[in-house]
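Let's work through a few exercises on a ligand and the residues around it. Grab your viewer and follow along.

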Amino acid sequence: MVLQRLQKVIAEAGIASRRKAEKMIVAGRVTVDGEPVTKLGTKVDTFSNIAVDGEPIERESLHTYLFYKPRGVVSTANDDKGRKTVVDYFKNVPYRLYPIGRLDYDTSGLLLMTNDGELANLLMHPRNNVAKVYVAKITGHLLPEEIAQLTHGVKFDQHKSAPAKVKIIRSDKKKNMQIVQLTIHEGHYHQVKRMFKAVNHQVDKLSREKYAFLTLDSLVSGKYRELSHAEVDRLKHVD
Ligand code: URA
């Protein structure tokens, strides 16, 4: 029988982070098999019935998938405009998956899908430092000072981006475009597009090629593969 700490089980069910789960336990909001439990570190087994505020938590086995999101798909479970969602690609998977972070409707590339709430919380936490590598097709050519700005941090709205890595992959003078690889460690809304906009370039096409140590490998657009336990473990320790 597998015994796990109560706060870990609550976190894995996606109810709250482990720290918040600890607070819920201490506050007397958690019951195990109908009995209130306020002692931290209490161990439960796979068959324990756990409830938070009287609401039973659902415990499924945990699965995380690496998905090659196509362009023209929304990164939410439901879309009010009825557009295709990333969840639609997982109809054959019997778990309630959701994306870890977002890619824009018109952005393609690497998106993690999971039912592991703790992993999602961990990776989406603003302090988490996961490197994400994007490839952007931009209008115009970056000037050396614009590259320096992107590298050191640009202001967009209320934010200043953290240091980033810029690599020019290809330049086409005739077509007035460039393919640029940008490595960032943050994930603000429209971050890459807004960083390029801050240096006066428009992103015409965007793809995420790498997330931490994970790449799209041989996946084609619209396909996925499940991550191994070792890969999930490694993700939990990336910095
Ligand atoms: N930055 C963007 O602008 N869009 C994305 O989809 C991801 C990062």
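Domain bounds here come from an automatic or database domain assignment. Keep in mind that this is a predicted model.

**Exercise 1.** Find which residues surround the ligand, and sort them by class.

*Solution.* Start with the list: Leu 103, Asp 104, Thr 107, Tyr 134, His 190, Gln 191, Val 192, Lys 193 and Leu 206 surround the ligand. Next, sort that shell, which gives 4 nonpolar, 3 polar and 2 charged residues.

**Exercise 2.** Work out which domains and which helix supply the shell around the ligand.

*Solution.* Take the domains to begin with: domain 2 (64–127 + 214–236) and domain 3 (132–211) each give at least three residues to the shell. Then look at the helices: H5 (residues 191–198) makes the largest share, with 3 residues.

**Exercise 3.** Track down polar contacts of the ligand, using a cut-off of 3.5 Å between N or O atoms.

*Solution.* Begin with side chains: an N or O atom in that of Asp 104 is 2.7 Å from a nitrogen atom of the ligand. Now check the backbone, where an N or O atom of His 190 lies 3.3 Å from a ligand oxygen. A polar backbone atom of Lys 193 is 3.1 Å from an oxygen atom of the ligand. As for cover, the ligand taken alone exposes 240 Å², and the protein buries 96% of that. To finish, place the ligand: it sits in the largest pocket.

Terms used. Residues are numbered from 1 along each chain as its sequence is written. This is a predicted model: local features need pLDDT of at least 70, side-chain atom pairs count only at pLDDT 80 or more; totals for chains, interfaces and linings use all residues. Side-chain values use heavy atoms; hydrogens and water are left out. A residue is near a molecule or strand if one of its heavy atoms lies within 4 Å of it. A polar contact is a pair of N or O atoms within 3.5 Å; within protein, one must be able to donate a hydrogen and the other to accept it, and residues adjacent in sequence count only if both atoms are side-chain atoms. Accessible areas come from the Shrake-Rupley method with a 1.4 Å probe; for residues, only the protein chains shown count as cover. On a 1 Å grid over the protein atoms alone, a cavity is a set of points where a 1.4 Å probe fits but cannot get out, and a pocket is an open set with protein on both sides within 12 Å along at least five of seven lines; lining residues have an atom within 4 Å of a point. A molecule sits in a cavity or pocket if more than half of its atoms lie within 2 Å of its grid points. Helices (H or I, at least four residues) and strands (E, at least two) are DSSP runs, numbered from the N terminus. Ala, Val, Leu, Ile, Met, Phe, Trp, Tyr, Cys and Pro count as nonpolar, Asp, Glu, Lys and Arg as charged, and the others, Gly among them, as polar.
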